[in-house]
Amino acid sequence: MAQLYYRYSTMNAGKSIELIKVAYNYEERGLKVMTLVPSVDDRYGKGKITSRIGLQRDALVISEKTNILEMFIAENSFGKVDCVLIDECQFLKKHHVEELIEIVDTFNTPVLAYGLKNDFRNELFEGSYYMLVYADKIEEIKTICWCGRKATMVARVADGKIVKQGEQIMVGGNDMYISLCRKHYNDGRTGPED
C-alpha cells in the first residue's frame with residue numbers, strides 16, 4: 001500500500017541528494033518517476049533539483065495554481081508513474097498536499113516529499129504544516145550545528161548576524177542561511193568565534 005512520506009530537515013542535510021538517489025534507484029529498476037519542484041526555488045534554474053555537492057536532476061515545475069493531481073494523471077497516461085518525488089515541499093500550498101493524498105490513496109502511488117519544517121523565524125511553512133498533518137510517515141534527516149549538536153533551526157543571516165524578522169520566503173543558500181542547534185539559534189551565535 002502506497003504512502004505519503006514527509007522527509008524534513010534543516011539546510012545542508014542532504015535532502016536534495018536523497019531525492020536524486022531515490023529517483024536513480026527507481027529508474028535503475030526500469031520504473032517511472034515523476035519529480036517536481038516549486039517554481040519559487042529557481043536558484044539553479046527553473047525545473048532543476050540540485051544538491052550542494054553538484055548533482056542535478058530535471059523536474060516538472062509547479063506554481064501556486066498548479067493542480068498536481070491533473071499533472072500526475074496526464075503523466076500517468078503516457079506510462080504508469082511508479083513514484084512521485086517533490087523537492088522543497090515547504091513551498092507547497094494546502095491544495096497541493098491534498099492532491100498528493102489523492103495520488104497516494106486513489107492511484108496507490110507512493111509520494112516522497114522533501115523539505116524544511118520551520119522557517120528562519122521558527123514558524124512552520126504552509127506546506128510543512130499540511131505535510132505534518134497528512135503524511136503517513138514523517139522522517140527527519142539529521143544534520144549538525146557548528147558546535148556538533150543536532151541542528152534543528154534554520155537561521156537567516158545578514159552581515160554575519162542572525163535575522164529574525166522579514167518575509168518568510170526568500171530563496172537562498174549558504175550565503176543567507178545556516179543550520180543551528182536551538183541553543184545557538186536562540187543566543188545568536190553563528191560560529192565559535194562569536
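## A charge over a ring

A charge counts as sitting over a ring if NZ of Lys or CZ of Arg is within 6 Å of the ring centre and within 35 degrees of the ring normal. Arg156 meets that rule with Phe120, lying over the ring face at 3.6 Å from the centre. Arg7 does likewise with Tyr5, at 5.4 Å from the ring centre. Both arginines turn up again below, so they make handy landmarks for a tour of this structure.

## About the model

The model you are looking at is predicted, so local features need pLDDT of at least 70 and side-chain atom pairs count only at pLDDT 80 or more, while totals for chains, interfaces and linings use all residues. Residues are numbered from 1 along each chain as its sequence is written, and side-chain values use heavy atoms, with hydrogens and water left out.

## Strand 9 and its partners

Let us start with the strand around Arg156. Helices (H or I, at least four residues) and strands (E, at least two) are DSSP runs, numbered from the N terminus. A residue is called buried under 20% relative accessible area, exposed over 50%, and partly exposed in between (1.4 Å probe, protein chains only). Strand 9 covers residues 153-158, and five of its six residues are buried, so the rest of the structure largely encloses this strand.

Which strands pair with strand 9? Pairing here requires at least two bridges found by DSSP between two strands. Strand 11 (residues 177-180) runs antiparallel to strand 9, with four bridges, and strand 10 (residues 161-163) is also an antiparallel partner, with three bridges. Arg156 has a residue opposite it in each partner: Tyr177 in strand 11 and Val163 in strand 10. Strands 9 and 10 form a hairpin with two residues between them, and Asp159 in that turn has a positive phi of about 55 degrees.

## Aromatic pairs

Rings of Phe, Tyr and Trp (its six-membered ring) pair if their centres lie within 6.5 Å; planes under 30 degrees apart count as stacked, over 60 as edge-to-face and the rest as tilted. Searching the whole structure gives five aromatic pairs. One of them joins Phe72 and Phe107: the ring centres are 5.1 Å apart and the planes stand at 65 degrees, so this pair is edge-to-face. Phe72 belongs to helix 2 (residues 68-76) and Phe107 to helix 3 (residues 94-107), so the contact ties together parts that are 35 residues apart in sequence. Phe72 is buried, at a relative accessible area of 0%, whereas Phe107 is partly exposed, at 31%.

Phe91 and Phe125 make another edge-to-face pair, with centres 5.9 Å apart and planes at 85 degrees. This one links distant parts of the chain, 34 residues apart: Phe91 is in the loop between strand 6 (83-86) and helix 3, and Phe125 in the loop between strand 7 (111-115) and helix 4 (126-134). Both Phe91 and Phe125 are buried.

## Tyrosines and a surface patch

Tyr129, Tyr130 and Tyr134 form one aromatic cluster. Tyr134 is in helix 4 and is partly exposed, with a relative accessible area of 34%.

Tyr129 and Tyr134 also help to make a nonpolar surface patch of about 350 Å², together with Leu124 and Val133. Patches are built from residues with over 30% relative accessible area and no salt bridge, joining like charges within 9 Å and nonpolar side chains (Val, Leu, Ile, Met, Phe, Trp, Tyr) within 5 Å. The areas come from the Shrake-Rupley method with a 1.4 Å probe, and for residues only the protein chains shown count as cover.

## Salt bridges

A salt bridge is a side-chain nitrogen of Lys or Arg within 4 Å of a carboxyl oxygen of Asp or Glu. The count comes to 13 salt bridges. Where does Arg7 fit in? Arg7, Glu18, Lys21 and Glu139 are linked in a network.

Within this network, Arg7 meets Glu18 at 3.9 Å, N to O, joining strand 1 (residues 4-8) to helix 1 (residues 15-28) across 11 residues. Arg7 also meets Glu139 at 2.5 Å, and here the partners, in strand 1 and strand 8 (residues 137-140), are 132 residues apart. Arg7 is buried, at 15% relative accessible area, while Glu18 is partly exposed at 22% and Glu139 is partly exposed at 28%.

Glu27 and Arg57 form a further salt bridge, at 2.5 Å, N to O. Glu27 lies in helix 1 and Arg57 in strand 4 (residues 56-58), so the bridge ties together parts 30 residues apart in sequence. Glu27 is partly exposed at 35% relative accessibility, and Arg57 is buried at 17%.
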